[in-house]
Amino acid sequence: NLIAPQLPLITLVRGELKEIGNIILIKPPKKVTGTVRYEDGRRVSDALVSASKMDVPNRETKTDSQGNYTLLLTGGLWEMFIYPVNQTPDWVWSYQSAFVSFNNNKLPEDTSFDFNVLKADAKVKGKILRPDGTAPPIDTTSVDFQKGTGVSLGGGLTDAAGVFTASLPSGTYRVNIWTKDSTLIGPELPSFALAAGETKDLGTI
């Protein structure tokens, strides 16, 4: 619930040891509250709510048992995100640009922002390998699943063996693969249909 205050620039000359004194952390004066819900109105208790602002560390908090959250922020424009806390969530958030804005001052100010998520009632899994048959280094390759609108509804990084799993709502998806290796790209894959309750294995890519 505390942040560092905005500090003035300092000038430092060669050989100098500058004493800037004590820095007192402050309570952010702005507050955003909200609720994370499924489409049917049920609350989501395992969401991590994050607010991002340029040149400022992200502010994060977890929803409570009723799906509610509170974030203390400073003035300016903040972009809002949510992520699942669990490794195997039963929901996804259809990413959209979501912002809250406060006046750039130290006066108290409140606003609200709710998130609506989609029930993930199916799963998809598979494995990604390099041309030599080895798995890409961990945290270097990711899979993204998009519906016809181009909206991403889930995905994630491959593990040390190149394996990925994702929970998704039933529907028809395109697969996009991204890698940090500039000498490789993901192949173009056909769209696939995913039925409720299904676990689809895309095999080795």
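Hi everyone, this is a short look at the two largest pockets in a predicted model.

Some ground rules first. Because the model is predicted, local features need pLDDT of at least 70 and side-chain atom pairs count only at pLDDT 80 or more, while totals for chains, interfaces and linings use all residues. Residues are numbered from 1 along each chain as its sequence is written, and side-chain values use heavy atoms, leaving out hydrogens and water.

A pocket here is an open set of points, on a 1 Å grid over the protein atoms alone, where a 1.4 Å probe fits, with protein on both sides within 12 Å along at least five of seven lines; lining residues have an atom within 4 Å of a point.

The largest pocket has a volume of about 860 Å³ (the space filled by probe spheres set on the points, which are joined across faces, edges and corners). Its lining counts 29 residues, with Pro84, Pro89, Gly154, Gly155 and Gly156 nearest the centre. Which strand gives the most to that lining? Strand 12, with six residues; strands are DSSP runs of E, at least two residues, numbered from the N terminus. Strand 5 (76-84) and strand 13 (163-168) are among those supplying at least two residues each. By class, the lining has 17 nonpolar, nine polar and three charged residues. Nonpolar means Ala, Val, Leu, Ile, Met, Phe, Trp, Tyr, Cys and Pro, charged means Asp, Glu, Lys and Arg, and the others, Gly among them, are polar.

On to the second largest pocket, at about 580 Å³. Of its 20 lining residues, Ile3, Ala4, Pro5, Gln6 and Thr74 are closest to the centre. Strand 3 gives the most here, with four residues.
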